[in-house]
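Subject: Structure handover and findings

Hello,

Please find the structure for your work below. My notes on what was found in it follow.

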Amino acid sequence: MSRLLIIGPPGAGKGTQAVKISERLEIVAISTGDIFRANVKGGTPLGVEAKKYIDAGNFVPDSVTNNMVEDRLAQEDVANGFLLDGYPRTSAQVDALDAMLKAQNVELDAVLQLTADDDELVARLLKRAEIEGRADDTEEVIRHRLSLYNEETRIVVERYEERGIVRKVDGLGAIDEVTERVLAALNVSA
Ligand code: ADP
């Protein structure tokens, strides 16, 4: 289990779980959302471009996102494996990732799908907004991100389901409980 994706709606706890799982498996956690936010904060050209989309809750264009992930996956610390969080989010991104992995002669081991219902997600994100003050955590933008997830990202899960590599995990409950469920779903001891 060294090349993994974690997929789930905004607020499902992907980032939190990604860090815990990657520590347990000794692989790098790569979050496209975090990379974008770091670039926005640093005022890089990528950040300036991405900010327009992120603040409105829209996806950054595939071409921009794919190039960024390709660069990240070429770095040395990825050699032991990776857990990608927040990518791929569209069918075109699935194709792009397939091509990147093929070029490296590697394959995905599993796709973790974290589930949670929309009301719980909105409540969690509004709470996060109070704590972290993310510009895209207003109720209107949250609802938009959720509907984009339901419209666009469902197909991503379906494409990996066809390959038989999706492990579905209930994201409701205490953080450690969810981590245990995830590790069990991967057949990895806690
Ligand atoms: P969320 O909690 O909504 O899942 P993330 O932190 O993963 O948030 O991402 C925040 C924002 O960064 C997204 O709403 C989107 O604008 C941008 N983003 C992140 N990953 C991608 C991606 N794979 N493709 C396009 N845009 C992305």
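How many residues surround the ligand, and which are the closest? The model is predicted, and in it 18 residues surround the ligand. The closest are Thr32, Arg37, Asn58, Gly86 and Arg145.

Ligand site

By class, the shell around the ligand divides into six nonpolar, six polar and six charged residues. Helix H2, which spans residues 32-42, supplies the largest share of this shell, with four residues.

Three polar side chains with short distances to the ligand are listed here:

- Arg37: an N or O atom of the side chain is 2.8 Å from an oxygen atom of the ligand.
- Gln93: a polar side-chain atom lies 2.9 Å from a nitrogen atom of the ligand.
- Arg134: a polar side-chain atom lies 3.4 Å from an oxygen atom of the ligand.

On its own the ligand has 550 Å² of accessible area, and the protein covers 96% of that.

Sheet and helix packing

The sheet is open and is formed by five strands, in the order S2-S3-S1-S4-S5, with parallel pairing. Which strands stand at the edges? They are S2 (28-31) and S5 (166-170); each has a single partner strand, so one side of each is left without a neighbour in the sheet. Direction ignored, neighbouring strands are turned by 20° against each other on average.

At the S5 edge, strand S4 (residues 110-115) pairs with S5 in the parallel sense over five bridges. As an example of a bridge partner, Thr115 is matched with Asp170 in S5.

Helix H1 (residues 14-25) packs on this sheet. The strands that H1 touches are S1 (3-7), S2, S3 (82-85) and S4. The direction of H1 makes about 160° with that of S1.

Backbone points to check in your setup

Where is the cis peptide bond? It joins Tyr87 and Pro88, with omega at about -5°. Pro88 lies in the loop between S3 and helix H5 (91-103).

Glu26 is not a glycine, yet it has a positive phi of about 55°. Glu26 is placed in the loop between H1 and S2, so to speak of the chain order, after the helix that packs on the sheet and before one of the edge strands.

Regards

How values were computed. Residues numbered from 1 in each chain as written. Predicted model: local features only at pLDDT ≥ 70, side-chain atom pairs only at ≥ 80, totals over all residues. Heavy atoms only, no water. Near = heavy atom within 4 Å. Polar contact = N/O pair within 3.5 Å; in protein donor to acceptor, adjacent residues only side chain to side chain. Areas by Shrake-Rupley, 256 points an atom, 1.4 Å probe, with all protein chains shown as cover. Helix = DSSP H or I, 4+ residues; strand = E, 2+ residues; numbered from the N terminus. Nonpolar A, V, L, I, M, F, W, Y, C, P; charged D, E, K, R; others polar. Pairing = 2+ DSSP bridges. Axes fitted to C-alpha atoms, helices over the stretch in contact; angles between N-to-C directions. Contact = heavy atoms within 4.5 Å.
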